[in-house]
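Dear colleague,

Please find below the structure I promised to pass on to you, followed by my notes on two places in it.

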Amino acid sequence: MELDFLAGLQRTHRCGELRAAHAGKTVTLMGWVNRRRDLGGLIFIDLRDRTGQTQIMFDTDNAAVHEKAADLRSEFVIAVTGTVKLRDEKTRNKNLPTGDIELIATELRLLNKSELPPFLPSEQNANVNEETRLKYRYIDLRRSDMQANLELRHKVAIAIRKNLNDQGFLEIETPYLTRSTPEGARDYLVPSRVHAGEFYALPQSPQIFKQILMISGFDRYFQIVRCFRDEDLRADRQPEFTQIDLEMCFPTEDAVFSVVEGFLKASWETAGFEFSAPFPRMSYDDAIRNYGIDKPDLRLPAMTDVADAFTAEIKQTLGIEPGLPIVAIRIPNVGELSRKERDEHKTLLQPRQAQNIKFFDDFKRLEKSWPELVTKVRELVKPSEGDLTVIVAGHQSTADAEPRRLRRMHTEVYQGAGLLRLAFAQKYAARHKAFERGNWKFLWVTDFPMFEWDEQDARWNAAHHPFTSPHEEDMSKLGGGLAAARDVNSALGEMRSRAYDVVLNGMELGSGSIRIHQQPIQSKIFEALGMDDEEQKRRFGFFLEALRYGTPPHGGIALGLDRIVMLLAGAPSLREVIPFPKTAAATDLMTDAPTPVTDAQLKELSIGIKKS
Ligand code: ASP
């Protein structure tokens with residue numbers, strides 16, 4: 001079979017374009033053979049491109065073309081010229097936008113053949129494993145759902161750009177070859193050839209550059225930008241991912257929130273969804289107390305504090321630690337539970353959680369011994385008929401109640417209850433139906449702690465990143481110098497930051513903060529993180545210097561574009577909305593990256609590989 005060249009032939013339409021109104025016209029389409037049916041006298045081809053499919057008919061009236069069509073196979077690339085014909089009423093396909101017509105071919109050019117692919121783009125639901133999909137990504141991306149996902153991604157990005165442009169933001173690029181940006185992950189390093197033994201780091205975020213753009217007076221910056229973090233990958237992470245990154249001068253938290261709500265609304269509308277704004281706000285402390293997590297899922301009721309309903313004696317009998325919170329979880333519309341379901345509840349607690357907390361899901365049993373307790377709990381929780389109420393409390397322990405440990409156990413009860421709440425919610429999702437698509441519950445979480453204690457290294461870490469401003473009222477707690485940096489009991493643990501997260505349905509969509517704009521405060525924060533003057537100068541000298549030259553108050557945020565598109569597409573993983581993603585082992589199965597390099601390349605970079 002000879003291949004043809006295009007020889008100047010141009011397509012007149014795309015494969016998804018032709019309608020009844022085109023009947024009688026002579027047109028030329030080009031694309032891939034999606035499916036072929038050979039009925040002897042008649043050959044039908046579904047011709048596919050990004051826009052859709054058109055049925056092409058080859059009949060024996062045109063013997064040469066018909067004969068050529070007999071050799072066509074799936075994924076061959078062809079150009080067809082022919083006449084658009086209205087189909088008979090009976091043979092119209094209502095499910096296809098082009099289903100009213102077909103093209104009667106008068107000329108066929110075979111532009112390219114295809115080997116039989118390992119799976120066919122036309123088989124939407126074929127059970128292809130993901131490794132094969134990623135290895136043959138070029139075939140996989142031909143599938144209509146991948147095409148739709150990437151088209152949606154494009155449209156969402158355009159909507160965001162347009163919205164931010166309308167809000168006065170400039171898109172400005174920042175370098176990829178740079179130095180380390182402290183976002184708490186490992187850097188990807190790039191060796192410098194010119195400066196032997198020195199390395200660039202790929203940015204974990206454009207954080208420092210966007211702050212410098214504020215110092216430079218750009219007022220409102222944004223960028224849809226790739227960020228790189230070398231972390232152990234979980235299902236919803238990628239080593240390189242895309243952020244919608246922005247920064248603005250002279251903002252209050254309100255100003256940042258309204259900018260974000262604006263471009264999110266534009267993105268959601270692009271995908272045909274709506275939500276109401278402004279989003280509710282909640283402090284970190286309230287989030288932990290009411291939801292046991294810093295990214296509350298508001299689609300289900302908050303937890304209720306029911307400690308008041310318990311007498312000391314009941315606590316004692318039930319093995320509940322007296323000084324700790326007791327909370328009730330309510331999951332609506334669960335209805336009667338089977339014996340089996342109740343047994344399965346026991347497996348919802350992870351073994352580590354089970355050391356700290358216990359739960360009670362059988363109200364009838366509690367009621368038999370303590371009717372007043374159950375009445376009081378019901379008054380507080382106000383369950384409706386059919387709601388499942390579960391009480392969560394701290395395990396009685398003999399450990400001494402050292403204040404820091406008690407505080408930690410407090411949080412552990414809330415967090416344990418929060419995880420159980422989500423586990424129950426997942427288990428009964430089919431009954432409460434709150435998790436159905438289109439139920440968008442956004443939230444701003446504010447007032448995060450400034451520092452987190454790192455047990456392993458026995459030091460304080462920045463809970464967000466070190467450029468986040470502490471609350472103005474908490475500044476006095478910064479004075480402890482380098483000694484405080486290693487002191488678990490220092491006042492650093494009580495400092496609140498002006499960081500905020502935007503949360504959707506229990507997922508963190510983005511984080512940001514109002515920044516430090518005064519150099520001495522920035523220095524003190526670095527100090528609280530254990531950096532002496534020397535180290536500050538070495539790592540951040542250029543930035544500390546920049547802060548001295550008229551830095552305006554500024555703040556910003558970054559949101560994950562991949563995750564937003566995943567949610568809007570209803571896709572099960574980030575890999576479905578990233579054209580060329582990496583596996584959980586950070587490899588690219590199509591190109592086989594990472595790969596070894598030649599000795600000559602290594603030599604040029606003055607790098608030797610240690611062979612173990
Ligand atoms: N650079 C931060 C991050 O990537 C976001 C921000 O604070 O604007 O999480």
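**The ligand and its surroundings**

The shell around the ligand draws at least two residues from each of α5 (207-215), β20 (507-514) and β21 (554-560), where helices (H or I, at least four residues) and strands (E, at least two) are DSSP runs numbered from the N terminus. Within that shell, β21 supplies the largest share, 3 residues. This is a predicted model, in which local features need pLDDT of at least 70 and side-chain atom pairs count only at pLDDT 80 or more, while totals for chains, interfaces and linings use all residues. Residues are numbered from 1 along each chain as its sequence is written, and side-chain values use heavy atoms, with hydrogens and water left out.

Of the 14 residues around the ligand (a heavy atom within 4 Å of it), those that come nearest are Glu183, Gln207, Lys210, His465 and Arg515. A polar side-chain atom of Glu183 is 2.6 Å from a ligand nitrogen atom, and a side-chain N or O atom of His465 lies 2.9 Å from a ligand oxygen atom. The protein covers 95% of the 270 Å² of accessible area that the ligand has on its own (Shrake-Rupley method, 1.4 Å probe).

**Arg229**

Arg229 sits in the loop between β9 (220-228) and β10 (240-249). Arg229 is buried (under 20% relative accessible area, 1.4 Å probe, protein chains only) yet has no salt bridge, a term that requires a side-chain nitrogen of Lys or Arg within 4 Å of a carboxyl oxygen of Asp or Glu; Glu183, the nearest side chain of opposite charge, is 4.1 Å away. A polar atom of the Arg229 side chain does lie 3.0 Å from the backbone oxygen of Gln204.

With regards

Methods:
Buried < 20%, exposed > 50% of the residue type's maximum accessible area, 1.4 Å probe, protein only. Lys, Arg positive; Asp, Glu negative; His and termini not counted. Polar contact = N/O pair within 3.5 Å; in protein donor to acceptor, adjacent residues only side chain to side chain.
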